[in-house]
Amino acid sequence: MWFDMKKYLIIGFAFLISSCSLIQFGGYNPPTKDELLSNSAYKWQKDSTDNFNYYYDPITMSQEYVDSAKIYFERNYPKLLKFLGIKEYRNKLNLFMVESRPKMKNIIGMETNGIANAKDNTVYSLFNANVKTYGMHEFCHVISINEWGGMYKEIWLSEGLAVNSDNIWWGFELHALANYLQHKGKLIPLAELVEKFHDYNNFISYPECGSIVKYLNEKYGIELIRELWKNGSIVFENKLHKSIKSIEEEWLQEINKHDYTAINYGEKIFALYGEKL
Ligand SMILES: [Zn+2]
């Protein structure tokens, strides 16, 4: 059988995004699919499923990763649309599977694990022995930007939403991981994340915003998330008549219910990046 479920699960579980680059570089736009395909320096093989095109170099990209991608992305696509409250998405999505960060730099102009060109429905993601970007994160950015009426107002919400589209971070449930971070004294005040998301450590800001957005979605629903997307955190006051601080306190009460004793996120970060949390 061409597809081995056990291998797929192992690969699927190993996806580890540390951050994405959609926002950091604000005005930065990676090339479009057609621009890259017309660059003779690269040889891309194309494969397709119903909703995705996959481009990769067959010499350097493991076929196993491509086969798993074809299963993974189709399987998770309907879940992503449902999560975003979208019945149908009319564009085909493109995934360039890139095997190294230096190659990523050559292609798009900077080193990153993942980046999206939303207008072009194109995502560039890293797949190698250490980093396998099986996750809907970048595609969540693409579809939300194209379907929710343009660019988000605040980064924390957009990244929290994208983290939520996978509903886990490094294999950990989001509220349990947030509670773990709380007990380590690492959580960043929400008001700070709203103001200057990128001043803070990605290892904390991404999963923390993921947990906050998850909570907001559970408690208030996707419509509130869409309003936050459009108008920013002023919506807490205007719609809910609550301050950022009181929203944060509600969320902290929720995450306190989630057992974090089995979480070894700090050890994982150290093993992979040599950094202390
Ligand atoms: Zn992102």
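# Asking why: burial, packing and pairing

Tutor: Buried residues make up 38% of the 277 residues in the chain. Here a residue is buried if 20 or more other C-beta atoms, placed from the backbone, lie within 10 Å of its own, exposed if 12 or fewer do, and partly exposed in between. Please keep in mind that this is a predicted model, where local features need pLDDT of at least 70 and side-chain atom pairs count only at pLDDT 80 or more, while totals for chains, interfaces and linings use all residues. Residues are numbered from 1 along each chain as its sequence is written.

Student: What pLDDT does the chain average, and where does pLDDT stay under 50?

Tutor: On this scale of the predictor's confidence in each residue, from 0 to 100, the chain averages 89, and 90% of the residues score at least 70. The stretch under 50 is residues 1-15, for which the model has 20 contacts beyond four places in sequence. A contact means that two C-beta atoms, placed from the backbone, lie within 7 Å.

Student: Why does W170 count as buried?

Tutor: W170 has 20 C-beta neighbours inside 10 Å, so it meets the limit for buried. This residue sits in the loop between β6 and β7. Its phi is positive, about 55°, although W170 is not a glycine. (Helices are DSSP runs of H or I with at least four residues, strands are runs of E with at least two, both numbered from the N terminus.)

Student: And why is N167 called partly exposed?

Tutor: N167 has 14 other C-beta atoms within 10 Å, which puts it between the limits for exposed and buried, so it is partly exposed. N167 lies in the loop between α6 and β6, and it has a positive phi of about 65° without being a glycine.

Student: What makes N201 partly exposed?

Tutor: Its count is 15 other C-beta atoms within 10 Å, so N201 also falls in the in-between class. N201 belongs to the loop between α8 (190-196) and α9.

Student: What makes helix α7 mostly covered?

Tutor: Eight of the 10 residues in α7 (residues 174-183) are buried, among them H175, N179 and Y180. The cover includes β6 (168-169), β7 (172-173), α9, α12 (244-255) and α13 (265-273). After α7 comes G185, with a positive phi near 70°.

Student: Why are α6 and α9 called roughly perpendicular?

Tutor: The axes of α6 (residues 155-166) and α9 (residues 202-220) come within 7 Å and cross at roughly 80°. Angles under 35 degrees count as roughly parallel, over 145 as roughly antiparallel, 65 to 115 as roughly perpendicular and the rest as oblique. The crossing falls in the third band, so the pair is roughly perpendicular. Axes are lines fitted to C-alpha atoms, for helices over the stretch in contact, with angles from 0 to 180 degrees between N-to-C directions. Residues at this contact include W156, L157 and L161 of α6 and Y206, I212 and V213 of α9. The contact divides into nine nonpolar, four polar and two charged residues. In that scheme Ala, Val, Leu, Ile, Met, Phe, Trp, Tyr, Cys and Pro are nonpolar, Asp, Glu, Lys and Arg charged, and the others, Gly among them, polar.

Student: Then why are α9 and α10 oblique?

Tutor: The axes of α9 and α10 (residues 222-231) cross at roughly 130° and come within 7 Å. That angle fits none of the named bands, so this pair is oblique. V213, L216, N217 and Y220 in α9 meet I222, L224 and I225 in α10, a contact of six nonpolar, one polar and no charged residues.

Student: What puts β1 and β4 at the edges of the sheet?

Tutor: The open sheet has five strands in the order β1-β2-β3-β5-β4, with mixed pairing; pairing requires at least two DSSP bridges between two strands. β1 (45-48) and β4 (114-117) each have a single partner strand, so one side of each has no neighbour in the sheet. On average, neighbouring strands are turned by 20° against each other, direction ignored.

Student: How do you know that β2 and β3 pair?

Tutor: β2 (residues 52-56) and β3 share four bridges in the parallel sense, so the two-bridge requirement is met. F52 has L93 as its bridge partner in β3, and N53 stands opposite N94.

Student: What makes β3 mostly covered?

Tutor: Six of the six residues in β3 (residues 93-98) are buried. L93, L95 and M97 point one way, while N94, F96 and V98 point the other way. That fits a general pattern: in a regular strand the side chains alternate between the two faces of the sheet.
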